Amino acid sequence: MRRSGLVQLSAAAAVAAIALTACSSGGSTELDPNADISEQTLTISTWPEYYSPTLAEDFEAATGVKLNIVHHATNEEGFAKVTASADSGIDIVFLAGNFISVLVEEGLASEIDQNAVPNLENLYPEVRKFAFDPDLKHNVPYAWGTTGLCYREDLVAETPDSWADLLEPAPEAVGKTTLMDDMRWTFIPAQRLLGYSINTTDEAELDEVGAVLKNAAQKSLAFDNTTYGEKLIAGEAVISHGHDGWCNTAASEDPRVSFAMPKEGSDLWVDGMVLLKSSKNREAAHAFMNYILETENQTWLVENLLYNVPNRAAMESLPDELFEKYPALIRDGASLAQMEQIEDVGDAIDIYNRINTEIRAG
Amino acid sequence: MTKPVRSYRSRQTRAVGAILTLGIPGLFLLLFVAVPLGVVLVSAFFKRGRIGGFKPEFTLENFAELTRPVYAQVLGSSLLMSATVTLICLVVAYAAVWAMRTLTPRGRIIALVAILIPFWTSFLIRAYAWMLLLGDAGTINGALQLFGVIETPLRMLYSPEAVILVLVYLYLPLMILPLAASAEGLDSSLGDAARNLGASPWRSFRTVDLPLTLPGALTGAVLVFVPSMSNFVVPDLIGGGRVLLIGNVIQDQFLVARNWPLGSVLALVLLLLLVLLLVAQSMVIRRIQGGSK
């Protein structure tokens, strides 16, 4: 949901800088048990409006650690920030899983001392199996989510339960569907419907996906990543491919908006916290990651931003009414964790790109 | 003694003046025109980098990509759409300028200011205003439904026609201003003479006024055509991403597909087309002015 696809121009410079920073090995991974964390100052980089507005004060009150929060608007920007120099001054960066694996590959992510983060116990055990960082060696998951069918209950004849309801809309929904505008996500409904991986690099499969999407685009209202909630509320759209959190936001404004997970399954994205090797405030950083995973801190995220979190303790402590009100809140973490995650497809991105252009050219 | 010193000083002052007057614009052009164009030109010949940028590996493959029919199709539809926008602007601007000629000088100034006022508002806000006007649940559909003209809303937004409408709205002032400037110098007695000699209003416009305002019209046409051709915000917002112009494809290469080299190749094609257009325009203007002398 926070992947608008914007590549900062500095990304190119960042790639060059990686070569330099990768050479400088990080500090020791050992934590000093006698360190006085209240003398440390922590700097984190995350997305704006992705945390409690009182986080810095609350954390300082709880631990005595002064917390600076800086922002990045996109994964690319956050990535560029921490790779642009040997020591960016940032201790912890929040990134999506596919960017975390690159940070690990480049040797910039510190290993996490799991003993210092006892609240990892709160997480769904499945998060330890993710390919981008097995066993949570280098990241502590912060939030996760999926995409599915965001729709108007009162404007569809039957409750949608398949991607086909979006791609081959019923007569009342023709011209009233929206597809996602972000290339890799545009492809997901057709890939899932046809039973292909969302990371397929097979050109024949992708051509088939393209044909389905081309037809779906002609029967759609628009490609839309950001304002489909408004279109649903206005009744301009009746079924949209939407993010769980954003669909919840729309449902909070108009209870006729609902969310359905297609039976063919969908995707999963995970945003995690990464401690950088360059950090000199390692003890405070661990305290921070542990603090974030506390049940009440993660329930804040669910109740206020309506995102899903991979924190079982938090999800289970929330009242049932909340889940009834927001169908895109998913308590069954195991089913969510099974979903495939978007990965880098290497040079096959050019095939995606060509087909994406063909779909839109009509 | 004083004389050489003064001349030395004045030479120095002149040198400083020259550095300021040539250097600053020169630096500006270097930073904001030459360097970006250089990046585009260079990256067109290299392989793409993992997260944008390019790898220092020479290749001509990016140009081979151009042979895919989809790019010719997009280029063709972009040319057609920009030409349509330009033509509509031309007709509307002539009507507007001719209407303005009937005004007092003071009225004309007020009209010109009124034309310019929208420029003071962010284009995005104006685009969203159009979305509010044209949407299924928008103002126009709401009014038509209220008065019982229609029952179900008309689909206006997210169509090629809506994109054309908003592009015309956006660039119309760029056509009106040069046209108004060239109509300003028009000797109205020429038109009167033509009509005295029995020419119909249309004929006097076509044979007298039109040729005399053609340079202004051509300048306006280029000013409208060039940005229409490369606009990607209007097709995205007003076309709902379903109207694909060459500007969108280029933007996608840089921001979505992270394929700078292909984006660069497409940008160069667009640039070449627009340069050819400018050359053609200046040749036509020179011929007109040469002919009238």
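The chat below goes through the domains of chain A and its disulfide.

Biologist: What kind of model is this, and how are residues numbered?
Modeller: It is a predicted model, in which local features need pLDDT of at least 70 and side-chain atom pairs count only at pLDDT 80 or more, while totals for chains, interfaces and linings use all residues. Residues are numbered from 1 along each chain as its sequence is written, chains are lettered from A and ligands numbered from 1 in the order in which they are written, and side-chain values use heavy atoms, with hydrogens and water left out.

Biologist: Which domains does chain A have?
Modeller: The assignment, automatic or from a database, gives domain 1 (2-144 + 269-330) and domain 2 (147-267 + 340-360) of chain A, and their C-alpha centres lie 29 Å apart.

Biologist: How many residues are in contact between domain 1 and domain 2 of chain A?
Modeller: In domain 1 of chain A 18 residues are in contact with 15 residues of domain 2 of chain A, where contact means heavy atoms within 4.5 Å.

Biologist: And how many salt bridges across that interface?
Modeller: The rule finds 0 salt bridges between domain 1 and domain 2 of chain A, taking a side-chain nitrogen of Lys or Arg within 4 Å of a carboxyl oxygen of Asp or Glu as a salt bridge.

Biologist: Changing topic, which residues form the disulfide?
Modeller: Cys150(A) and Cys247(A) are joined, S to S 2.1 Å, under a rule that asks for cysteine sulfur atoms within 2.5 Å; a search of the whole structure finds 1 disulfide over all chains.

Biologist: Is that link right-handed or left-handed?
Modeller: The link of Cys150(A) and Cys247(A) is right-handed, with 95° about the S-S bond.
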